[in-house]
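Subject: Structure for you to look at

Hello,

Here is the structure I said I would pass on. My notes on it follow below.

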Amino acid sequence: MTGSSRPRRIIGPIALLTGGLLFALIAASTFGAAAVSWRAALAGDPTARAVLFDIRLPRALLAALIGAALAVAGVTFQTLLRNPLADPFILGVSGGAACGAAVSTALGWARIPGLVSVVAFLGALAATAAVFLLARRREYTDPTRLLLSGLVLNALFSAVILIAFALSPQSDLAAAVRWMMGTLFGATWSDVALLGVFVAVSMAILMTIANDVRMFAFGVDDAKARGVDVERIQRIGFVVSSIVTGAAVAVSGIIGFVGLLVPHLIRLIWRRDFRVLLPLSALGGATLLVLADLASRVALSSSELPVGAFTAILGVPFFLSLLRRSR
Amino acid sequence: MNGPWKFIVHRSAFIVLLALCCARPTSPPHAVRRVISLAPNITEIIVAAGCQAKIVGTDNFSDYPEAVKGLPKVGGVEPDVEQIVALRPDLVVASASGVHPNLRRALDAVHLPLLVIRTDRLSAVAPAIGEVGQALGCPSTSSAVSLITIGLQKQRRMRTHPPRVLFAVWTDPLYVAGRATFVDDLFSITGARNAVEANGWPQYSLEALAAHPPDLLLYPNHSVTAPAVDALLRRAHAKVVAVAVDENVFTRPGPRVTLAAAELNRILDQWERSH
């Protein structure tokens, strides 16, 4: 693929997915438990304004950002590790976050607003650092060791979470379960702004190294032979993806499926070039999570269902039909 | 009798004999002297029936009345069977809503009878006191039952404009008491209307709270804090009177249900006066 032909080739998919995301955002801000209209909100009706501008819209945008964050991290991990099963959670990032959330709940911190989020974010970062130190072998980070370290640390985190749950005050368990199930309940504009910065900066950094990351598809040795500083690119890619995942998990708890399967969906429809995969995965992840959150909100009249269930319900049939069609 | 038939008859007789020998009474024995309660509301029920002296151990959460705090504790969701055995009870009483699925098997293995009591709804409380009191042979059983029945009858109200009440058990995400729950029953008898349509303990939508704010929001005073409720109502732009209620009284279907109903009536009356 030459530099001049690239823009034209990705304009179509990007326009299509951007359209899809816009459609999803309009749908997500139009439908909900409360029957309010955009017209009423624009005319100044306080209830409609509160529902649309302060509850629904930030929630829809936050869903888009979290979906984008998880998908971007997923596609980066999968490409760098050359492993189709790698996702933001396999390296222990989510386990670390959930562990932080569970332990702080057991300590009774769930009653202090925001504190569990901060501890969850720190847990995610600590887990990433630990996985890297364990996988480090001289100057080189071995992908297999990295995956195994993530796997083993996840097992340890599960153990700590189970103990923390057993010791948590029964009345606080809802806070701990919130992390395990994942929810976008109570999304605020400040969440949107904060995560927006994380996603924008991460995307920008990953786009600048995208050409080098692309070379990993040919194997590490090949990438080295083509002049890629494998060590540096790996480090940047992993750290950026882990931070953006940690930020997403700190806001919403663990939402599965997006990071693992959205990159595969994109690969099945379009192409495998990381420079194209990255923005398309971001848009695809954002669209999927906005639609899944909408479904979780409107499936029952005034109660909500776990959003993680709907990412799978919406994504799996689509994925399987694509898989069947692609030989 | 030929060979195979003889074998079958002998084998059947042996199995019947074995079954008779090994059959254990699972109903409580006649004179219960030592009892272990596995739920706070069961502890309160036993005390109300007049059998406090028979309690030799409780679950970790039983804290009322004050005197039971000092009793040996046998665990929470998964009670410690070894500790239960060590306390040599004649009977173990558990609540149907909190009993571990394997507990009966574990207690059967050590020949300990288990009495499981249903207390998930308001209407089940008086019968539960009767059942526990009878099983333990408690002196004040019938008076405790009538105290509850009459007490609840006294708290029954009809209100011309039933206030819509939301009971928030957690604020982020918002979990509420829905229909067909003990809290919903308390609303029914005191003439309030549950703001929630769904059954059970669902996660409630923030925009439903914003678009149709309840007249009153009640929250348990231990697990939910006033700042958390303020933050929730601010998020929903909802101007709602929020009142903290005694968590243990409002979430334990036991003898203190009359107190819960009286407190709820006091809150509802006060709200009516100011509106």
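The buried residues of α2(B) are covered by, among others, the strands β1 (35-37), β2 (55-58), β3 (91-95) and β4 (114-117) of chain B, and by the helices α5 (125-136) and α6 (141-154) of that chain. Please keep in mind that this is a predicted model. Helix α2 of chain B spans residues 40-48, and nine of its nine residues are buried. Those buried residues include B:Pro40 at the start, B:Asn41, B:Thr43 and B:Glu44, as well as B:Ile42, B:Ile45 and B:Ile46. After α2(B) comes B:Gly50, which has a positive phi, near 95°.

B:Arg104 sits in helix α4 (residues 103-109) of chain B. B:Arg104 counts as partly exposed because 17 other C-beta atoms lie within 10 Å, where 20 or more would make a residue buried and 12 or fewer exposed. Between B:Arg104 and B:Val92 there are 9.9 Å, C-alpha to C-alpha, and the two are twelve residues apart in sequence.

Now the contact between the chains. On the chain B side 25 residues take part, and they touch 26 residues of chain A. At least two residues each come from β6 (174-176), β8 (203-204), α8 (206-211) and α9 (226-235) of chain B. The largest share, five residues, is supplied by α8(B). By class, this side of chain B has 15 nonpolar, six polar and four charged residues.

The chains also pair through strands: β3 (residues 303-304) of chain A runs antiparallel to β8(B), with two bridges. In β8(B), B:Gln203 is the bridge partner of A:Glu304.

Regards

Definitions and conventions:
Residues are numbered from 1 along each chain as its sequence is written. Chains are lettered from A and ligands numbered from 1 in the order in which they are written. This is a predicted model: local features need pLDDT of at least 70, side-chain atom pairs count only at pLDDT 80 or more; totals for chains, interfaces and linings use all residues. Helices (H or I, at least four residues) and strands (E, at least two) are DSSP runs, numbered from the N terminus. Two residues are in contact if their C-beta atoms, placed from the backbone, lie within 7 Å. Ala, Val, Leu, Ile, Met, Phe, Trp, Tyr, Cys and Pro count as nonpolar, Asp, Glu, Lys and Arg as charged, and the others, Gly among them, as polar. Two strands pair if DSSP finds at least two bridges between them.
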